[in-house]
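Reader: I would like a close look at one part of this model, namely its charged side-chain pairs. Please then set them in the surroundings in which they sit, and take care over what each term means.

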Amino acid sequence: AQINLFKAVVSTQSTGNIEMVEKPLIVLFATVGAQFTSAAVVSYGLQKDKTSGDKKATVQIMGVGYDRNLGGFEMDMRLRDYLAAKFTEKYPKKSPITKNKRAMSKLLKEAKKVKTVLSANQDARAQVETLHEDTDFRLKITREELESLFADLYPRIAAPFKDAITTSGVSEKEIDQVVLFGGGTRVPRIQEEIKKATGASVLHKYINTDEAAAMGSAFMAATASSVFRTKEIKLKDANQFPFFVAFHKLILNEGVDVTNKTNEAGVVTGLFHPGDVTEEKLVNKELYYRNNAYPQKKAMTFTKFTDDFHFNVSYGNLGLEEKQAKEFGAEELMRVNIEGVRDVFNQHHDKTSKGIKAHLLVDESGMITVDSVEAIFETVPANKTEAGWLDSVSNFFGGNDEGEKKEGEGEAKTEGTEKKEEGKEEKKENNTTDAKNTTKTDTKKEKGEPKSDKPIIVRENLKIKTIYFGIPNLGDTTVSREKLAALQKIDDEKRATEESRNKLESFVISMKDRLTSDIYVSASTTEEMEKIQGALEAETNWIEEESWGETYKVFNERLAKLEDYTDPVINRVKEMKGREAAVADLKQAFNLTEQFLAKIANQTEELRYHTAVELEQLEKLMNDTKVYLEETSAAQDKLAQNQDPVLKLADLVSKKTALERDLYYLVRKPIPQWYKEKLKKMMDDLKNNGTATTAGEGEKVTNDDTIVEGEETKEGEKKGEDGESKKEEKKEEEQPKKKEEGVKSDDIPVKTEGDDSKKEEL
């Protein structure tokens with residue numbers, strides 16, 4: 001039924017053929033697939049949501065019918081066997097074609113093709129080249145011949161559609177659309193049978209039969225996820241097989257009334273003794289009926305159990321034929337043992353028992369489970385205990401018949417309520433929160449009544465032990481584990497074989513393409529080229545004709561043998577492509593080394609912290625590498641491109657790595673402490689020597705480095721020379737700043753003569 005629901009969802013989402021209105025639109029999905037035939041009656045409409053009160057789009061399965069053994073694959077197999085018989089009839093001297101699996105596979109492929117062609121044409125021609133023992137096969141087939149092969153199957157097509165209509169509770173006239181689904185519905189005769197069974201005049205074909213179920217399931221998954229935002233559609237599946245709950249009903253002795261069983265305080269407890277029970281009667285009640293919508297939770301209340309008990313859950317009233325019943329399997333599902341009942345009743349001996357309530361849930365997959373079982377008790381506040389005792393005495397002497405009414409209600413819940421009452425119970429249960437091993441209290445709210453007058457409801461969870469039926473006892477699993485390990489080994493070998501086969505085939509195709517390029521032609525000799533091409537051609541023929549059934553070891557061995565022929569040429573091409581870049585990288589390393597050595601050579605001896613041995617070793621390594629590059633490059637230039645190289649990429653990379661390692665060691669060598677102290681001292685000396693500044697003509701330098709104008713300067717001359725004075729003052733102000741910036745520099749001083757040159761470099 002869920003697959004039919006997926007189809008229904010995709011009809012709503014991806015087509016414009018179905019519109020959600022208050023009056024339900026009823027659609028029958030007719031499915032003829034490869035393995036089975038099924039029908040589903042689905043309603044589309046707007047229904048009021050009980051929680052929000054809004055009208056929401058609702059898709060509901062109303063009825064389902066099916067035949068598990070009627071499908072298109074059976075037709076394909078019959079047509080294949082018919083073609084094989086015609087081949088044997090035409091070529092009787094040939095060996096039996098049915099023993100040739102490859103030939104039978106070709107016939108099955110051709111049978112599917114012929115069936116598709118005959119769905120739109122009156123005749124078709126089947127033809128297979130070199131079908132069996134190098135013999136071609138051709139045969140003309142008409143639609144009448146095809147239908148005669150399936151003559152006994154056509155009467156069975158109508159049954160699933162009639163069952164779906166019957167279980168849905170609607171008539172043929174109430175069905176608005178009949179929608180085809182599945183590849184088998186393309187056969188004209190099958191379409192005629194569907195029309196007869198459903199009474200439809202038009203069959204709708206607006207669903208993509210190859211994608212509808214997959215798209216519907218993807219939409220449902222997106223709806224269930226919090227990541228995606230989808231159109232809100234309420235989905236209701238239909239239960240096809242009723243669930244029954246069986247338990248032993250306790251028949252009490254005449255005159256025993258559990259509603260009047262009180263304790264010493266006069267509180268009605270509902271407890272009775274084993275001697276009060278006359279007999280136990282087996283009761284089997286239908287809890288989830290046929291076409292009951294799910295997911296849904298229902299509850300059953302047991303009012304006469306005060307000790308541990310059990311109940312069974314099973315399928316019932318299936319209405320299956322003998323063959324279908326065998327396919328269905330066991331009807332018994334599980335036995336549910338309720339434990340800890342006596343302890344809970346003893347714990348709440350001062351409260352009135354309201355029975356034991358079992359909550360059973362049918363989830364989205366149609367699987368039934370026992371969600372929880374709880375004992376319910378009722379008590380009144382302490383200030384009302386005396387009044388409750390008086391009421392109990394009054395009831396005992398026939399003051400009113402309220403107790404009898406409550407007992408009748410308890411019996412009805414225990415033995416299974418009517419469908420409307422179950423719906424009310426379900427609505428009530430949705431507002432109840434379960435917590436394991438905890439005590440919960442509820443209060444009934446009544447307007448105008450004081451808070452102290454409200455009765456208190458106490459709920460206690462009971463222990464559940466479930467025993468599932470129909471599951472075989474494995475016992476010793478050693479044999480089973482060995483079988484699973486053997487199957488896993490087969491799967492692993494098959495996977496490895498496919499991977500090895502793909503590697504070999506890919507290598508052959510890739511190598512054939514490479515050999516056509518100029519660089520591979522120039523990198524191989526004529527003898528090598530002929531040898532490789534011959535090996536590749538031989539591998540191609542072997543893969544196409546003889547490789548079937550070989551293991552991954554054989555494919556790996558043949559690939560390794562083929563690589564022995566091709567590796568020399570591939571390596572030469574690799575060397576040719578990477579040699580220029582590798583040489584350039586090595587020369588770049590030479591340049592960096594020479595720059596470093598030149599910089600060190602320009603340093604003063606007193607400020608050089610690299611040892612002479614380290615520098616000599618680096619210079620020697622660089623010179624030796626240069627000699628190697630010159631000699632091997634000269635030797636390489638003399639070789640042809642189809643000869644093995646002497647200047648190899650691996651050697652170039654190794655030489656470059658060795659040179660860079662020694663260079664980076666010296667570049668990153670830690671600065672010793674004595675070097676830092678000497679450099680600091682030199683900087684301090686230069687700073688002290690550079691503080692004095694030469695004053696211009698007519699100016700004098702004071703201790704606070706302030707320039708004062710000479711007395712001999714006249715006012716007129718001062719105004720006339722205002723521009724030049726400002727320029728000179730600006731230059732003299734910038735001089736101390738330059739000196740200070742020079743002292744802060746971190747550059748290493750070089751050999752100079754005099755303090756001025758050192759000051760400049762710093």
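Author: **The charged pairs and their setting**

Both Glu-374 and Arg-459 are buried, where buried means a relative accessible area under 20%, exposed means over 50%, and partly exposed lies in between, with a 1.4 Å probe and protein chains only. The model is predicted, so that local features need a pLDDT of at least 70 and side-chain atom pairs count only at 80 or more, whereas totals for chains, interfaces and linings use all residues. Residues are numbered from 1 along each chain as its sequence is written, and side-chain values use heavy atoms, with hydrogens and water left out.

Glu-374 and Arg-459 form a salt bridge whose closest N and O atoms are 3.2 Å apart, the term standing for a side-chain nitrogen of Lys or Arg within 4 Å of a carboxyl oxygen of Asp or Glu. Because Glu-374 belongs to strand E15 (residues 368-379) and Arg-459 to strand E17 (residues 456-461), this pair ties together parts that are 85 residues apart in sequence. Strands (E, at least two residues) and helices (H or I, at least four) are DSSP runs numbered from the N terminus. The search of the whole structure finds 25 salt bridges, and some of the others follow here.

In one of them, the side chains of Glu-232 and Lys-56 meet at 2.9 Å, N to O. Glu-232 sits in the loop between helix H7 (212-224) and strand E7 (234-238), while Lys-56 is in strand E3 (residues 55-67), so this salt bridge ties together parts 176 residues apart in sequence. Lys-56 has 22% relative accessibility and therefore counts as partly exposed.

Another salt bridge joins Arg-572 and Glu-528, with the closest N and O atoms 2.8 Å apart. Here too distant parts of the chain are linked, with Arg-572 in helix H16 and Glu-528 in helix H15 (residues 526-545), 44 residues apart. Arg-572, with a relative accessible area of 7%, is buried, whereas Glu-528, at 22%, counts as partly exposed. Shared partners also join the salt bridges of Glu-74, Arg-78 and Asp-152 into one network.

The strand that holds Lys-56 leads to a sheet. E3 is one of six strands in an open sheet with the order E6-E1-E2-E3-E7-E10 and mixed pairing, where two strands pair if DSSP finds at least two bridges between them. Its edges are strand E6 (177-181) and E10, each of which pairs on one side only. Within the sheet, strand E2 (residues 37-48) and E3 are antiparallel and share twelve bridges, and Gly-45 stands opposite Thr-58 in E3. Helix H5 (residues 154-168) packs on this sheet, touching strand E1 (25-32), E2 and E3, and its direction makes about 140° with that of E3. Such angles run from 0 to 180 degrees between N-to-C directions, the axes being lines fitted to C-alpha atoms, for helices over the stretch in contact, and contact means heavy atoms within 4.5 Å. Helix H6 (residues 188-198) lies across E1 and E6, at about 150° to E6.

The edge strand E10 (293-294) is followed by a loop before E11, and Pro-295 lies in that loop. A cis peptide bond with omega of about 10° joins Tyr-294 and Pro-295. Strand E11 (residues 296-302) has six of its seven residues buried, so it is largely enclosed by the rest of the structure. Seven bridges connect E11 with strand E14 (residues 352-362) in an antiparallel arrangement, in which Met-300 stands opposite Ala-358 in E14.

The helix that carries Arg-572, H16 (552-601), also receives packing from elsewhere: the buried residues of H18 pack against H16 and against helix H17 (612-638). Among those buried residues of H18 are Leu-649, Leu-652, Glu-660 and Leu-666. As a whole, the protein has 22 helices and 20 strands, and buried residues make up 37% of its 762 residues.
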